[in-house]
Number of protein chains: 2
Amino acid sequence: MVNGQPGGTLRPDDRGFAYGDGLFETMAWRDGALRLFDRHLQRLQSGCRRLGLPVPEITGLVEEISALADGQTRGTVRLTLSRGPGQRGYTAPAAPAVTRVIGFFPDSPGPAPAALAVDLCQVPASINPVLAGLKTLNRLDNVLARTEISRRRLDEGIMCTPAGQVIGATAANVFGIRGDVLLTPELSQGGVAGVMRGLVLDCAATLGITTRETRIDVDALLHMEEMFLTNALTGLRPVTSFAGRPLGSGKLTHALALALQARGIAEARAC
Amino acid sequence: MVNGQPGGTLRPDDRGFAYGDGLFETMAWRDGALRLFDRHLQRLQSGCRRLGLPVPEITGLVEEISALADGQTRGTVRLTLSRGPGQRGYTAPAAPAVTRVIGFFPDSPGPAPAALAVDLCQVPASINPVLAGLKTLNRLDNVLARTEISRRRLDEGIMCTPAGQVIGATAANVFGIRGDVLLTPELSQGGVAGVMRGLVLDCAATLGITTRETRIDVDALLHMEEMFLTNALTGLRPVTSFAGRPLGSGKLTHALALALQARGIAEARAC
């Protein structure tokens, strides 16, 4: 659906296509509602402000999504906002006519696999402090990293800055546990501040778990006792092997998985 | 023109729109031909190989562009290639149906202004070695930097890495002269390897000018005796003030401007 039109198309001068000039959210549709919608909305609105895009009118958005997903109990909704059509050149139009694309994708059947084999990606994460944390349409690094992990037959891969600082997985955030401390990369240089990452951090605070959002280098990641990945669709998934070394999940991962389940994230699980 | 269809549109699931998954070239159309087409083609083909996109068939491309620009003596051609429609998610289709968009833009009338006031941008350049040098559709850093220079009423701005290494202008490459040495940033971390940059480096070699493609930090750029910007459309333009300090152009800039003019780049000029 493009700007409210089912079956709509995009103009070839759309700045989303020309420059990746926009943002998106990928949201879980569960039992006839958008899960964690407030968190998705908060990131989207923050992104609009940082990119200088008009903040969308929420009621209309919700109505469009609900109409599209009507009758479905489970699926994925992708909402994309771009700066819309523009003249040639990087200069943004003074009054952009934002393009709004909403897609509904029924979930593929079958339970998620229990194993999650992860390794370091050779493809680095793109770094830019002014874009860091946002889910922008500039995602070529993730695309190339995904190609790499498919070729290497991994389930996921960890992307780092060229300087070796951990950013996240190709389509998830990463957490590690060492001692009784929960660690996750700070995202001032790159990466996406995932909504499930935010929920995990809130759960950890509620549970009184010592947490650090901090710079994590590759060597530190290789010495984590437990690791898990988070994503709005797949919840919390323990990493069962990292860089060839088997990993299990202990009491902190279990506690966080239970806390997420209690908040309606049915997919969250420990090993 | 989309995939050969005048007035064609894009599907909303095009990966160019979804992830900036593609490349483009912006080329000068002069006297019924694409200027520096071989160089544009070389960068495009190199980009296709690096992104895993099928390399386009050249004869068909040239025919489409020529048909679109038929009867025009002067203008700008933008050629965009994206990985085409795809499923949701970063994973690229195994056999992509590349989307090809060609646009022709008549040049706006009037000579280019003689002054070129440039300053450092606060918006940093996005850094990623696997994308560096390519003209990918991931250009949000340039978009935001362009917004910054418009707001500051500059003619152009110099973008640096977060660590303060010079990359280039928002829509041009940058050269500096110090002593009798021509310097330009090496582009292993970010930026676009411009076709006019390549031609200037070739001219400099022919003229026997000592040239260094090297890391240039902000402080070094502030101590250049001359500076100029290069771009496929605007040729060579001397910077007339940088960070508030007036600059002129001396014998090396003049020699290079003349060398470009001799190669058909009519826009190249010294102060």
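Two exercises with worked solutions follow, on a predicted model.

Residues are numbered from 1 along each chain as its sequence is written, while chains are lettered from A and ligands numbered from 1 in the order in which they are written. Local features of this predicted model need pLDDT (the predictor's confidence in each residue, from 0 to 100) of at least 70, side-chain atom pairs count only at pLDDT 80 or more, and totals for chains, interfaces and linings use all residues.

**Exercise 1.** Determine the strand order of the sheet in chain A, and state which strands lie at its edges.

*Solution.* Step one: strands are DSSP runs of E, at least two residues, and helices are runs of H or I, at least four residues, both numbered from the N terminus; two strands pair if DSSP finds at least two bridges between them. Step two: the open sheet of chain A has 4 strands in the order 2-1-3-4, with antiparallel pairing. Step three: strand 2 (33–34) and strand 4 (99–106) of chain A each pair on one side only, and are the edge strands. Step four: strand 2 of chain A is joined to strand 1 (residues 22–30) of chain A by 2 bridges, and A:Ala33 in strand 2 stands opposite A:Arg30.

**Exercise 2.** Find the operation that lays chain B on chain A, and name the relation.

*Solution.* Step one: the copies are superposed by least squares on the C-alpha atoms of residues with pLDDT of at least 70 in both. Step two: a turn of 180° with a shift of 0.0 Å along the axis lays chain B on chain A with an RMSD of 0.0 Å, which is therefore the relation of a two-fold axis. Step three: B:Phe17 is the residue of chain B that comes closest to the rotation axis, at 2.0 Å (C-alpha).
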